[in-house]
Amino acid sequence: MAGDVRIRLLGGFDVAVGDRPVAAGAWRLRKARSLLKVLCLAPGHQMHRERLYDLLWPDLERRAAANNLHQVLYAARRALTGAGAAGDVVVLRDDLVLLGPDGGVAIDVDEFEEAARRASRDGAAAPLPAALALAEPGLLPEDRYEPWAREAADALGARCAAIRWGLAEALRREDRTAEAIEVLRTLLDADPLHEPGSRALMTALAAGGRRREALAVYEGLRDALRRDGGADPDPRTRRLYRTLLAGSVQQREEERPVHRHNLPAQAGALIGRQRETAEVEALLGRSRLLTLTGTGGCGKTRLALAVAARRTGAFRDGVWFVDLAALTEPHLVPDAVAAALGLQLPPSGPAQEALVSQLGGRELLLVLDNCEHLIEACAAVVSEVMARCPGVTVLATSRELLRSYGERTFRVPSLSLPDPGRLPSLAELGRFASVRLFVERAGEACPGFALTAANAAAVAQICFRLDGIPLALELAAARVRVLAPGQIVERLDDAVSLLGRGSRRAVTRQETLLAALEWSHRLLDGDERCLLRRLAVFTGGFSLAAAQEVGAEGEGRERVLDLLGRLVDKSLVGAEPRQDEVRYRLLETVRQYAAGRLRAAGELAATEARHRRFYLALAERRDHEPATGLSGATSLELEADYGNLRAALSSLLRSDPQAALRLAVALWLFWSERGRLAEGRRWLDAALAAAPGPSPQRARALMGQGVLAVRLGDGSPLADIGARIVRDHEGRSAPAELAYAHYQQAVLLWMRGAWERAREALDRACELARAVGEPSVLAAAAHTEGVWAVCRGDGAGARAACESGLRLLAEVRADTGPFLVVMTPGYVNEEDAAGQVSLYFEETVLAGRAVGAARARGYVLAGLAWAARLEGDAGAAVAAAERSADCFRALADPYGRSLALNVLGNICRSRGDQPLPRSISTLPWRSGARSATAGRRTSPWAVSACCAWPAATQRAHGCPSPAPSRTSRRPTTSRAPPTACCTSPWWRGPPGRRPGRAPCSPVPCGWST
């Protein structure tokens, strides 16, 4: 009987019916066994025949694969019935191949999962080893090279890792620390990147007095992560490491955090989805990957958000929503997920690999919305997450299945419908979900609307003919302001006839939605139709100004506000109030429909051209330095319109490379300040390649390329970029611009560590600037000289350079644009009277800003404070830092002011200053300003500055791995004051300095952002 069938996959494939095994030769076809294995591993033990074709016969035509499937099904049934099983163990029904559709088939993998669930629920250690023992033999070792088996084996390994971690936690709760340590070591042997396991092992070892071993666990994890994807351990692991360094084993990082999420607020209650919400929530409890499918407008996103909102307390690391509707580039899917979670992906290596590495130790629910247009990229990311991140659950919405291993699906149905032919009572009719939705939305459009005996038949007909699709119902309900329900039914009949189908029942749900959109479009006047189709070029949301410039021409722009309001009233455009403006958005299904209309009208090229012009002008308006305040590079407008800016840049690269270069130049500071470093670098590379001719814009793009490379920790291209900037200016009759090019080259060469060449470039810049009388270049060069002198430990030289820079700034013409590239020292070594050397990370070296004379004065004053600090003149240092802060305060520049206050605060820290200077003592957060040095003074007050590069850059150029400690004992050999904490040959020391290793332990360079 079918109930006697037992299938073993762990340790090797074996089937028995009762006590009678199925002999290996009984299968006749090897693929008959493969079919059974695949069905055992499939969710629900069923699979669509098309998916089986792809797995078992990927190289065959569909007809040949179908013939093979029938032969294999026959062979499998024959082998099973020959051992006494019933004939319905494996069946083909409605294109689905099912294993044991009526139950009665026992599979050892299912038994393992059930044992693991029971053991995890109990929370005790005792049941967990038994669950692990079931999986110990491994999954289908004879099929380890089959892709479908390898994916399942990876998922099983991740499940076992989660069980081992749970076992270790249970053992720790039971004070069986030694056993917990052994379990955790086994876990990390199998998965060296398992961060929760590493943290648990560090804590257990430290609690047992084995602190050195605990620190070694962290170092092994850090090295493994960097080899694997270039990432560092997550913040909780780093906090635990610092805690252990400080000699404490308190586990603050293990405290349960406040549940977090980024779920968008919903405009109204979810109507008629109580049963679906409960079903989806139950499915999520049984599967780590659930995809909500259905046609556009059926309510997949609303249902997913409702379920996610109910689960915010179920995941330690929160619930995170990723809207993919506006994303058009498949390779940016990992970046979009990382951005939603607030993760920073490393610049090098595959983004997907880096994302998975950072998610490995997290427990969260990831909601991926609108996957269908990026289906392959989404499936690739999800498959990796499922295999390697046991704590991550994925809830996806898509019109198409992801087809990833372990995926369960839930097709979102239409809302419940009445039968217009057998109309129920008014009370019963009002309980149908489709009717409730229509009546509520109609009441919002026309206050006072209600379901009555007079309109009940028409309302029921609307819901029935629109097939209960929420979007279609909302579009229809929006018309009750101008049409009675009976009139809506008449026009809906006309729209359905447009589909060319004679039968109402022949209309599919997708076509029904199209009919609703066609009908709604027909009710628009000519101007409304024109604006709606032109709005289809926007990616994501857009502003009123954008709609006016892109959606109309000439005097027609004045009518856009009115037309837009009418489209909002008719539910074709959504309005999203923000803090300082209202933005607009087309639903994706409406946008796709409108885009078809735009192409049919022959207006696509002209509308896209207006779209490109508008966003180029927007970016360039924001890319300037106002008299006071900040530039608009980080404004909410650019962030909100980033999807449109991406689309414009991509389009310009194809149609107008010079304009593409202008847009990339206008955006590079935005990329830098918003942390989109790797993506910005890719766009700049593409724009420079598309527009290779020399131009002022190209020089700016090259400098931006250099800054982004520095911020990414890649110093390798800096010398070449500097040379290209100079080459682009040579041969042009603009000696002042050539002088500035040499100045930029000097900055990049310094960041690269080519000290002699940097010195030569800066001297050449000064020579050319003096020849043509260009004070801006001379002032910028003096500022750079001051920073270099600080980094050499030359306080007197730094003071002279800064004072010269202040005099030169007074000579800069008022109409001179931004010219001074902001550079600051990165960190300091301080030595106290006892000979203890301490390292303090203080500032970013190359911030990326270029500022004009007013702001440049503030930065030069900050450099003057550094110079006085080096000379031990505390009073002069404080005075200069306060003048710098006052300068930036007057300019309403929070970036500059924060730097000046940081310099001032570090002066106070260095000398244990009491009382605090006025600039800091008036701040509300002043109470923590002295915490770093409370009760400690440095005597003599010895400070030396160090230029800082990212650790990744040091490694790329041969620097040894930095030691983690903050302090080191002063060596017995007398040496000159240290000037840089970098022992690589890349550091040769500035001209005039004695080569050799600085007398302090190499430590991670400070690269704050």
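Is leucine 140 buried or exposed in this structure? In this predicted model, leucine 140 is buried, because its relative accessible area is 0%, and a residue counts as buried when that value is under 20%. Leucine 140 lies in the loop that connects helix α5 (127-135) with helix α6 (147-173), and its phi is near 40°, which is a positive value in a residue that is not a glycine. Most residues other than glycine have a negative phi.

A second residue with a positive phi can be found in another loop. Arginine 28, which is not a glycine either, has a positive phi of about 65°, and it sits in the loop between strand β3 (20-21) and helix α1 (30-41). Arginine 28 counts as exposed because its relative accessibility is 55%, and the cut-off for an exposed residue is over 50%.

Strand β3, which comes before the loop of arginine 28, leads us to a sheet. This sheet is open and has four strands, in the order β3-β2-β1-β7, with mixed pairing. Its edge strands are β3 and β7 (105-107), each of which pairs on one side only. Strands of a sheet pair through backbone hydrogen bonds, either parallel or antiparallel. Strand β2 (residues 14-17) and β3 run antiparallel and are joined by two bridges, and valine 17 has arginine 20 in β3 as its bridge partner.

Another antiparallel pair is made by strand β13 (residues 574-577) and strand β14 (residues 582-585), which are linked over four bridges. These two strands, β13 and β14, form a hairpin in which four residues lie between them, and proline 577 stands opposite valine 582 in β14.

The last stop is a charged residue in strand β10 (residues 364-369), namely aspartate 369. What is the nearest side chain of opposite charge to aspartate 369, and how many Å away is it? It is lysine 300, at 7.4 Å, and aspartate 369 is buried yet has no salt bridge. The reason is one of distance, because a salt bridge requires a side-chain nitrogen of Lys or Arg within 4 Å of a carboxyl oxygen of Asp or Glu. Aspartate 369 does, however, have a polar contact of 2.9 Å that joins its side chain to the side chain of asparagine 370. When its neighbours within four places in sequence are left aside, aspartate 369 is in contact with several residues, including Thr301, Phe321, Val322, Asp323 and Thr397.

Note on methods. Residues are numbered from 1 along each chain as its sequence is written. This is a predicted model: local features need pLDDT of at least 70, side-chain atom pairs count only at pLDDT 80 or more; totals for chains, interfaces and linings use all residues. Side-chain values use heavy atoms; hydrogens and water are left out. Buried means under 20% relative accessible area, exposed over 50%, partly exposed in between (1.4 Å probe, protein chains only). Two strands pair if DSSP finds at least two bridges between them. Lys and Arg count as positive and Asp and Glu as negative; His and the chain ends are not counted. A polar contact is a pair of N or O atoms within 3.5 Å; within protein, one must be able to donate a hydrogen and the other to accept it, and residues adjacent in sequence count only if both atoms are side-chain atoms. Contact means heavy atoms within 4.5 Å.
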